[in-house]
Number of protein chains: 2
Amino acid sequence: MISFDYFRSMASAIGSQGLEDKDLEREILRTGQTVWNLPRFGFCELPYADPGRILHFAREQKPRNVVQIGIGGSALGATAIASALRPREGARYFALDNVDPEETADLLDQLRPEETIYHVVTKSGETTETLSTMMLALERAPVSRFVVTTGSKGFLRRFAQERKIPIFDIPENVGGRFSVLSPVGLLPAALLDVDVETLLAGAREADETCRKIDPHRNPAFLLAAIPYLLDRLRSKPIHVMMPYARALRDTADWWRQLWAESLGKSPSAGPLPVLALGATDQHSQIQLYNEGPNDKWILFLVPERYRSDPVVPSLLSGEPACDYLQGKSFSEILRALQRGTEDSLTANGRPNATISIPEIDARALGALFYTLEMATTIAGTLYGVDPFDQPGVEAGKRAAFSYLGRAGYPPPSSPPAESPYRV
Amino acid sequence: MISFDYFRSMASAIGSQGLEDKDLEREILRTGQTVWNLPRFGFCELPYADPGRILHFAREQKPRNVVQIGIGGSALGATAIASALRPREGARYFALDNVDPEETADLLDQLRPEETIYHVVTKSGETTETLSTMMLALERAPVSRFVVTTGSKGFLRRFAQERKIPIFDIPENVGGRFSVLSPVGLLPAALLDVDVETLLAGAREADETCRKIDPHRNPAFLLAAIPYLLDRLRSKPIHVMMPYARALRDTADWWRQLWAESLGKSPSAGPLPVLALGATDQHSQIQLYNEGPNDKWILFLVPERYRSDPVVPSLLSGEPACDYLQGKSFSEILRALQRGTEDSLTANGRPNATISIPEIDARALGALFYTLEMATTIAGTLYGVDPFDQPGVEAGKRAAFSYLGRAGYPPPSSPPAESPYRV
């Protein structure tokens, strides 16, 4: 279902900046045993959970608007689903994944509560941004329009129980950024009439594929090993995901969190995930990718078919600027632009690769989520870091609590010194 | 109007990963003379051009929908303006800046031509993506709903003349990515009733400020020199712009093209511009920025006031998870989160800096555009590259023309070999 072609990451295609077969073999010898003995992580069980209660809840609601109130892993997966898969006619998805004063007020004021479901998501049950937004939304909409998804402990669960708000669970052994196939992502999907069962079926198929014993046939292993080896052996610490479809842009943004937060753990480990959009960013970033420092790996994400495909009509003939476009479908043009970019990167010795999916649908998206999650945990093993924690965000949180005067957090030691470097 | 504080990029704030005063002094000695003798570039004149014809055209139209058909520099600036500044009630902006089959067909089918102005923008007059989309739009809407902005030569100008489509000009000496303050950005702005005159006034004020002779007081020089020196002397080739306002996200995306395409010119020069959004990406990228490789410079972009600012209502008391939030405004919370992030980066020796603007308005946005354009051209001087060309996109274009069978471009030499590395 998902095909991964990494030919253009290899020396045989791009020369000395690519990997040799022996580099891959050596890595298989070094870490293969560990990778093959990885436990079944919490997220691996999600595709096998029964979505019955989610579907039942959604069938009763059919709201016009679904507002996901959450941040980071509590929003990115739902947003990816809503962007990639088409909601039922007229239904709309919004993420309130910030405490932006303007955006939050504007959106909440614009939606009619009686047409809206507010889905509040935080695993800890205490996330600053999420609770602030929920409290503001509760001022504007009755409690009966709310549903929460949260962990087993924390304020939000107690609050929801008290107010009789329906509660869905994030399993304790599933971290936020691996939670898209839990109610975190599935509940909004179901509320939009996205085909949740096929999404899960796609993830289960990917699970089968990702268990392949031969590493050379295992897409999750290769999607970890190729960028890892390019980082370590060829100094390519920048990993760009470049979908050629607007509908997959937010899927790449979901991956951007997964890759950054799971692997960015030490001064010597932590590739930078970058999101680019084809063909748009050919006119923004490709100059740099082609001629700037050769420190990037570009991963194209390409659907083989599009769900609609207009054809350029004939406008006038004998004009070299239009003649070659007339009668071409948009997908032919986009594909030619992508291949042109691929060719130029390859000719310049810039490693790149392609994930292809047959079409943007629930099955492919489920498979993509699962495969990239598995690739990320394997990459954690290769880099020698724990892909499931995020200690590097704690200090900033504590400092913010201090500024906000939260009980138990000492006030900031002193007012910040007047900056001598301000113009 | 724009304030730039780079204290937290200096060794006195963050230790050895920051710059010393003497690093900056040395750079001023090395390049100051050249920088101070830079010519007045084409884009420097744009703030002084009379917008009379643009305003007149817009007053006659007042469309509900403005569709910008353009790619790269022909769309990013207009999109930045439309996102940051509020269009008149009911007016909507759309960019068709891709040849995405699904997105293009969906949008064109959804808009009523009689309520819509299609603004077609390409300096060369021949851009593949732009002409394809224009031809499709012309199939759905009468020619009277179109207006074009283009250079003095090329197909689009001839075509518009023939069909009596109004034409606005991109001056020959202004490149696409420096064209936001030409009709490329100003015409859609005016059609949305954005205050174009104040936008230009803000740019003129910035022009005055950017001419300051003392480099220590010149924000454009410092916005070039600080990231350049951090790249060269402290190995920080990754430059992150992180606005704390959704409305400024597309301004950072505009800058992302400007910085990448202007400076990404050789294997030894070309910082990677990265776009992040506060506070959202604190839950996506800050783990990596705080604990991963110390190879980044984070530039916060912060408005001092927001145009609306809801207050968290009281929900219940005695709950530590909410008590500290109740009665706080969203801007206070967002500011605390930003300062918390700033503090943690600083404590970890990660260089960062802040651009502040009083508020998101036309004056500040005009100043921001101009200052960042000037900073980019100065950075070109420091890096020793031509900031105005983009030779690295030509090979990919030629290859795409070949795939599309454009006259004068030889067909691809042979079908691509079957990849031996595909799973």
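**Notebook: two chains and their contact**

I began with a strand pair in chain A: β7 (residues 238–243) and β8 (residues 272–275) run parallel and are joined by four bridges. I note that this is a predicted model. I looked for the partner of Val240(A) and found Val274(A) of β8(A) opposite. Next I followed the chain between the strands. Helix α12 (residues 249–263) of chain A completes a right-handed β-α-β unit with β7(A) and β8(A).

Then I compared the copies. I laid chain A on chain B with a turn of 180° and a shift of 0.0 Å along the axis, and the RMSD was 0.0 Å. The two copies are thus related as by a two-fold rotation axis. Which residue of chain A comes closest to the rotation axis? I found Val274(A), with its C-alpha at 3.7 Å. This is the residue I had already met opposite Val240(A).

I turned to the contact. Chain A gives 107 residues and chain B gives 107 residues. On the side of chain A that touches chain B, α15(A) has the largest share, with twelve residues. I sorted that side of chain A by type: 53 residues are nonpolar, 30 polar and 24 charged. I also checked the overlap: 100% of the interface residues of chain A are interface residues in chain B too, so the copies meet through the same surface.

Last, I looked at helix α6 (residues 101–110) of chain B. Its buried residues are Pro101(B), Glu102(B), Glu103(B), Thr104(B) and Leu108(B). What do the buried residues of α6(B) pack against? I found α15 (330–347) of chain A, along with β3 (92–96) and α7 (128–140) of chain B.

Terms used. Residues numbered from 1 in each chain as written. Chains lettered and ligands numbered in written order. Predicted model: local features only at pLDDT ≥ 70, side-chain atom pairs only at ≥ 80, totals over all residues. Buried ≥ 20, exposed ≤ 12 C-beta atoms within 10 Å, placed from the backbone. Helix = DSSP H or I, 4+ residues; strand = E, 2+ residues; numbered from the N terminus. Contact = placed C-beta atoms within 7 Å. Pairing = 2+ DSSP bridges. Right-handed = clockwise from strand over helix to strand, strands pointing away. Least-squares fit on C-alpha atoms with pLDDT ≥ 70 in both. Nonpolar A, V, L, I, M, F, W, Y, C, P; charged D, E, K, R; others polar.
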